[in-house]
Structure formats: structure tokens, C-alpha cells
Amino acid sequence: MSARSQDQQFADFVRRNIESAGRDEDFRRQSQAWVQASIRHNYAQNFTWLGRPAIQVPQDLYAVQELIWACRPDLVIETGIAHGGSLVMSASMLALVDYCDAVAAGGPFDPRASRRKVVGVDIDIRPHNKAAIDSHPLRHKITAIQGSSVAPEVLDQIARHADGHDRVMVFLDSNHTHDHVLQELELYAPFVSQGSYCVVWDTGVEDLPADMCADRPWGKGDNPKTAVWEYMRRLKDEDRTARDGAALRFDYDYTIEHKIMITASPDGFLKRV
Ligand SMILES: C[S@@+](CC[C@H](N)C(=O)[O-])C[C@H]1O[C@@H](n2cnc3c(N)ncnc32)[C@H](O)[C@@H]1O
């Protein structure tokens with residue numbers, strides 16, 4: 001059997017695994033219970049990526065790795081920087097894609113020549129986080145903007161960064177209220193290029209017991225998942241146009257959440273189709 005058909009056979013095996021996991025209600029319930037228990041211990045805050053705290057469930061970062069490798073964006077836009085870990089994660093994946101391209105082309109590798117970049121926005125970039133991002137070896141791939149993700153002047157800066165980039169991926173991870181995320185979806189989803197993703201983090205808030213978000217402005221009925229549902233309804237019932245001029249359509253990519261099972265973001269992986 002050729003290497004190609006062996007690869008295909010393995011890919012088919014994985015696809016069937018994922019489909020069967022997705023149908024397994026008990027596995028899904030246990031995964032959800034695991035996520036809830038982990039939140040009580042702030043589990044997602046315990047990890048770093050290349051030295052910076054990334055406030056993500058590790059399985060979700062594994063999904064990011066697969067998405068960036070598959071879509072090969074030349075721009076990643078992120079809302080919500082915090083300690084900078086997710087920015088560094090995206091920057092590191094873009095750097096690896098650069099490196100692999102250079103190896104495949106057999107040419108020299110100049111890390112600063114690439115157009116692949118990540119731009120992030122946060123309303124409050126704390127001085128120690130800014131200093132750590134500024135001194136990170138991947139700094140040349142990162143732009144960090146301070147301001148509200150929905151402020152017009154921030155959007156102007158993001159739009160300037162997006163000019164000339166035609167493979168764009170978006171991660172939304174700032175204020176998790178319904179209204180804010182819905183506004184972010186309206187503003188940022190049109191940047192996403194065909195076949196790429198808008199990932200809305202922390203949609204799982206909708207599935208938590210009410211007491212788990214008692215000290216937060218978001219909670220059941222008012223969170224990233226309700227915003228995604230409303231945005232997807234709007235896309236279906238009303239027209240929206242992407243920045244590339246084409247009609248904007250997204251599908252829920254359930255393959256990802258059925259693959260990783262443990263995720264902070266069910267219904268949060270939106271693929272532009
Ligand atoms: C969950 S953290 C981001 C975590 C980061 N993406 C990571 O994975 O490490 C949320 C961040 O959103 C920021 N934030 C809150 N409201 C915001 C807004 N209106 N615009 C931009 N950022 C905001 C907070 O300051 C906080 O740093």
C-alpha cells in the first residue's frame with residue numbers, strides 16, 4: 001500500500017473515532033463534568049506557552065495548533081491578551097509555518113522577512129505583561145494594541161493591519177458578556193477569510209451552574225455562546241458581507257469539539273464557508 005493511501009486510511013480511522021466520540025453522550029457528559037471540576041480549581045490558568053501564561057484549556061490550544069497548520073493564516077487577530085500567552089502561541093505557530101515553508105523551499109530562513117503576524121487588543125495591558133511581550137523573542141511577529149476591542153479607533157488600527165492580508169483567522173477572548181461578544185462578532189468576523197475560522201472562547205459559560213459565574217458580569221443566558229447563537233441566526237436571516245466582498249457564512253465545526261472533547265468553547269469553533 002502506498003504511503004498516501006496509508007495516510008488516508010489513518011485519516012479515515014481518526015474521522016470515525018471523532019464521529020463515534022461525538023455520538024457518545026456519556027463521554028460528552030463526563031467531559032463536561034471534567035471541565036466544570038477544572039474551573040473550580042482555575043485549571044486553565046496553570047499553563048504557559050513559550051514562557052507566557054496562556055489562559056486556555058490545553059486541548060483548546062492543541063486545536064489552535066491544528067487550525068493554524070491547516071489554514072496557514074498570514075494574520076491572526078485576537079481580542080483579549082491578558083498575560084500574552086495566546087498571542088505568543090499564535091506567533092509561534094506562524095513562525096513554525098514560516099520555518100517549514102523555508103525548509104520546503106530549500107532556501108535561507110530569515111525570521112523577520114515573513115508577513116505572517118498576530119495582532120492583539122486588550123483594554124488593559126498591564127505593564128509587566130507589556131514588558132514580557134516586548135522582550136519576547138517572537139515580539140517581531142506581535143502587535144499589541146491597548147483599547148477596547150469595539151472602539152472605532154481600535155478597529156481602524158486592526159483594519160490597517162489587515163490590509164494586504166488575505167488569510168485571516170480571528171480569536172475572540174475579551175469581555176465575555178453577550179452584548180460585547182455579539183458586537184465583536186459583527187466587527188471581527190468579516191475579517192475572517194474563506195475556509196478560515198473565527199473562534200469564540202469560553203462559550204462553555206452557558207453550560208455551567210449559575211453559581212460558578214456569580215462574581216462575573218456574564219453567566220447563563222448572557223455569555224459568548226448566546227452571542228454566537230444570535231450572530232449565527234443573524235447570518236442566516238439577514239445578509240452580512242465579509243471584508244473581501246463575498247457573502248459571510250459560518251458553520252459550527254463540531255469536528256473540533258468532538259475531537260478534543262474537553263473544551264472551554266462548545267459551539268465556539270466557527271468555520272467560514
Ligand atoms: C480571558 S483574558 C484573555 C486571555 C488570553 N486570550 C489568553 O488566552 O491567554 C480576557 C482579557 O480581555 C480583556 N478585556 C476585557 N474587556 C475588554 C475589551 N472591551 N476590549 C479588549 N479587551 C478586553 C481583559 O483585560 C483580559 O486581559
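At 35% relative accessibility, Ala144 counts as partly exposed, a class that lies between buried (under 20% relative accessible area) and exposed (over 50%), computed with a 1.4 Å probe on protein chains only. The model is predicted, so local features need pLDDT of at least 70 and side-chain atom pairs count only at pLDDT 80 or more, while totals for chains, interfaces and linings use all residues. Residues are numbered from 1 along each chain as its sequence is written, and side-chain values use heavy atoms, with hydrogens and water left out.

Ala144 belongs to strand 5, residues 142-146. Strands (E, at least two residues) and helices (H or I, at least four) are DSSP runs, numbered from the N terminus. Contacts of Ala144 (heavy atoms within 4.5 Å) are made with Ile81, Leu87, Gly120 and Ile125, leaving aside residues up to four places away in sequence. Arg240 stands 96 residues from Ala144 in sequence, and the C-alpha to C-alpha separation of the two is 28 Å.

The ligand comes next. It is surrounded by 17 residues, each with a heavy atom within 4 Å of it. The closest are Gln56, Gly80, Asp122, Ser149 and Asp173. Polar contacts are pairs of N or O atoms within 3.5 Å; within protein, one atom must be able to donate a hydrogen and the other to accept it, and residues adjacent in sequence count only if both atoms are side-chain atoms. Ser149 places a backbone N or O atom 2.9 Å from a nitrogen atom of the ligand. For Ile123, a polar backbone atom is 3.1 Å from a ligand nitrogen atom. Ala82 has a backbone N or O atom 3.3 Å from an oxygen atom of the ligand. On its own the ligand has 610 Å² of accessible area, of which the protein covers 84%. These areas come from the Shrake-Rupley method with a 1.4 Å probe; for residues, only the protein chains shown count as cover.

The ligand takes up the space of the largest pocket. Pockets were sought on a 1 Å grid over the protein atoms alone; a pocket is an open set of points with protein on both sides within 12 Å along at least five of seven lines. A molecule sits in a pocket if more than half of its atoms lie within 2 Å of its grid points.

Ala82 also has a backbone feature. Its phi is near 50°, a positive value in a residue other than glycine. Ala82 is placed in the loop between strand 3 (75-79) and helix 4. Its relative accessibility is 30%, so Ala82 counts as partly exposed. Asn42 likewise has a positive phi, near 50°, and is not a glycine. The loop that holds Asn42 runs between helix 2 (25-40) and strand 1 (48-49). Asn42 is partly exposed because its relative accessibility is 48%.

Helix 4 (residues 85-105) contains Ser90. With 1% relative accessibility, Ser90 is buried. Its contacts, not counting residues up to four places away in sequence, are Ile68, Val76, Glu78, Val118 and Phe171.

Arg272 is in strand 9, residues 269-272. Its relative accessible area is 1%, so Arg272 is buried. Beyond residues up to four places away in sequence, Arg272 touches Val192, Ser193, Gln194, Gly195, Ser196, Ala242, Asp244, Ala246, Ala247, Leu248, Arg249 and Phe250. One of these partners, Ser196, is 76 residues from Arg272 along the chain, with 5.7 Å between the C-alpha atoms.

A second arginine, Arg167, occupies the loop between helix 6 (152-162) and strand 6 (168-172). Arg167 is partly exposed, at 39% relative accessibility. Its side chain reaches the backbone oxygen of Cys71 at 3.0 Å. Cys71 is also among the contacts of Arg167, with Arg72, Pro73, Asp74, Leu75 and Ser193, not counting residues up to four places away in sequence. Gly195 is 28 residues from Arg167 in sequence and 8.8 Å away, C-alpha to C-alpha.

Gln36 is located in helix 2. It touches Asp207, Leu208, Pro209 and Met212, again without residues up to four places away in sequence. Gln36 and Leu208 are 172 residues apart along the chain, yet their C-alpha atoms are separated by 6.9 Å.

Definitions and conventions
On a 1 Å grid over the protein atoms alone, a cavity is a set of points where a 1.4 Å probe fits but cannot get out, and a pocket is an open set with protein on both sides within 12 Å along at least five of seven lines; lining residues have an atom within 4 Å of a point.
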